[in-house]
Amino acid sequence: MSATLDPPCAPTVGEQRDRVAAALAAAGVPSPETDARWLVAHVAGVDPWQRPDAPAGEACGRALRPLVERRVAREPLQLILGHTAFRLLDLVCRAGVFVPRPETETVAGLAIDAARAAGARPVVGEPCTGTGAIACSLAAEVPGVRVVAGDVDTRAVATARVNVRRLTEGRAGVVGPAPGATVEVRAGELLGALPAALTGHLDVLVANPPYLPDADRTTWAPEVADHDPVRALVGGPDGHEVVAELVSAATHWLRPGGTLVLEIDARRAATAVEQARRAGLVDVGVEHDLTGAARALLARRPAVEIEEAR
Ligand SMILES: C[S@@+](CC[C@H](N)C(=O)[O-])C[C@H]1O[C@@H](n2cnc3c(N)ncnc32)[C@H](O)[C@@H]1O
């Protein structure tokens with residue numbers, strides 16, 4: 001597929017952005033202006049908010065054309081750029097690994113609040129870590145936290161470890177790790193990735209697991225259908241299988257009073273609440289993201305188990 005960028009050069013950043021945006025819009029790419037801004041900035045080596053009358057310089061080079069063609073072919077912008085913003089961080093994104101979404105920033109924020117409220121050395125488990133977006137955010141924003149993250153996909157594990165290393169070395173955005181914070185990324189199935197010694201000791205169990213039903217596949221945009229791994233998206237034929245498994249495992253892994261935070265499908269919020277109550281969790285509720293969608297299940301293991309209290 002070829003993008004209309006002839007001639008490929010424009011004298012200013014603004015004109016080059018307009019030219020790229022027109023090519024993306026003609027191809028039906030959503031948010032063409034924003035994507036053009038980032039692509040031009042990437043090639044020109046300038047800030048995305050560079051003044052439009054600044055000379056385009058390198059942005060005029062032919063390096064821009066293949067990137068525009070990839071976006072016209074509906075490759076996600078984050079994979080073309082190789083990174084994305086998530087809360088305070090700049091995270092590496094790689095082909096074959098789920099691209100972190102803005103709505104998950106809300107979920108990470110709930111886990112951060114719960115970890116901060118848990119005391120001096122909170123312990124957090126995060127299965128289904130993908131790029132490590134939630135785990136790295138916890139380590140950046142919660143002093144003293146110990147995060148143990150896991151994923152079944154070896155490409156995700158490798159990418160999350162790169163992001164942890166970049167955070168540790170102060171190369172993952174405007175912040176480094178919070179004082180005393182640590183993150184470990186392990187390969188494994190759901191909670192099986194965590195050390196058995198953490199059973200019953202997690203202050204927070206957080207995850208953005210696969211939660212879409214198989215039938216949704218026909219509705220996905222090309223960026224999702226052709227680039228996010230199916231295993232990152234589909235929880236099973238019903239969609240809710242992995243969420244249900246994590247809800248029922250929560251009381252086993254959380255310490256008494258510990259908090260569960262799970263990203264969920266808004267369509268299954270009532271089911272998730274019901275399952276959490278049946279699993280013996282308390283203070284069960286649903287939190288909404290910035291678009292107003294029911295985005296996270298929030299619940300706690302009782303601080304004192306009923307049998308113990310008697
Ligand atoms: C929706 S993505 C979330 C990634 C990341 N936490 C985020 O929010 O950007 C789900 C992740 O769960 C992983 N996953 C799927 N099934 C799994 C399983 N049974 N055990 C562990 N990880 C799993 C996928 O590989 C994928 O990285």
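Me: What makes Ala 269, Ala 272, Val 273, Gln 275 and Ala 276 the buried residues of helix H11?
Reply: In this predicted model, buried means under 20% relative accessible area. Within helix H11, residues 269–278, the buried residues are Ala 269, Ala 272, Val 273, Gln 275 and Ala 276.

Me: Why are these residues said to be on the same side of H11?
Reply: They cover an arc of only 165° around the axis, so they sit on the same side of H11.

Me: Which exposed residues does the face of H11 turned away from its buried side carry?
Reply: That face carries Ala 270, Arg 277 and Arg 278. Exposed means over 50% relative accessible area.

Me: What do the buried residues of H11 pack against?
Reply: Their partners are helix H10 (241–253), strand S10 (282–288) and strand S11 (294–300). Contact here means heavy atoms within 4.5 Å.

Me: What phi does Gly 280 take just after H11?
Reply: Gly 280 has a positive phi of about 90°.

Me: Which of the 17 residues around the ligand come nearest?
Reply: Cys 128, Asp 151, Leu 190, Asn 208 and Ala 232 do.

Me: Why does the pair formed by a nitrogen atom of the ligand and a polar backbone atom of Cys 128 count as a polar contact?
Reply: The distance is 2.8 Å, and a polar contact is a pair of N or O atoms within 3.5 Å, so the pair qualifies. For Thr 129, a polar backbone atom is 3.3 Å from a nitrogen atom of the ligand. For Leu 190, a backbone N or O atom lies 2.8 Å from a ligand nitrogen.

Me: How much of the area that the ligand exposes taken alone does the protein bury?
Reply: Alone, the ligand exposes 600 Å², and the protein buries 96% of that.

Methods:
Residues numbered from 1 in each chain as written. Predicted model: local features only at pLDDT ≥ 70, side-chain atom pairs only at ≥ 80, totals over all residues. Heavy atoms only, no water. Buried < 20%, exposed > 50% of the residue type's maximum accessible area, 1.4 Å probe, protein only. Helix = DSSP H or I, 4+ residues; strand = E, 2+ residues; numbered from the N terminus. Arc of directions from axis to C-beta. Near = heavy atom within 4 Å. Polar contact = N/O pair within 3.5 Å; in protein donor to acceptor, adjacent residues only side chain to side chain. Areas by Shrake-Rupley, 256 points an atom, 1.4 Å probe, with all protein chains shown as cover.
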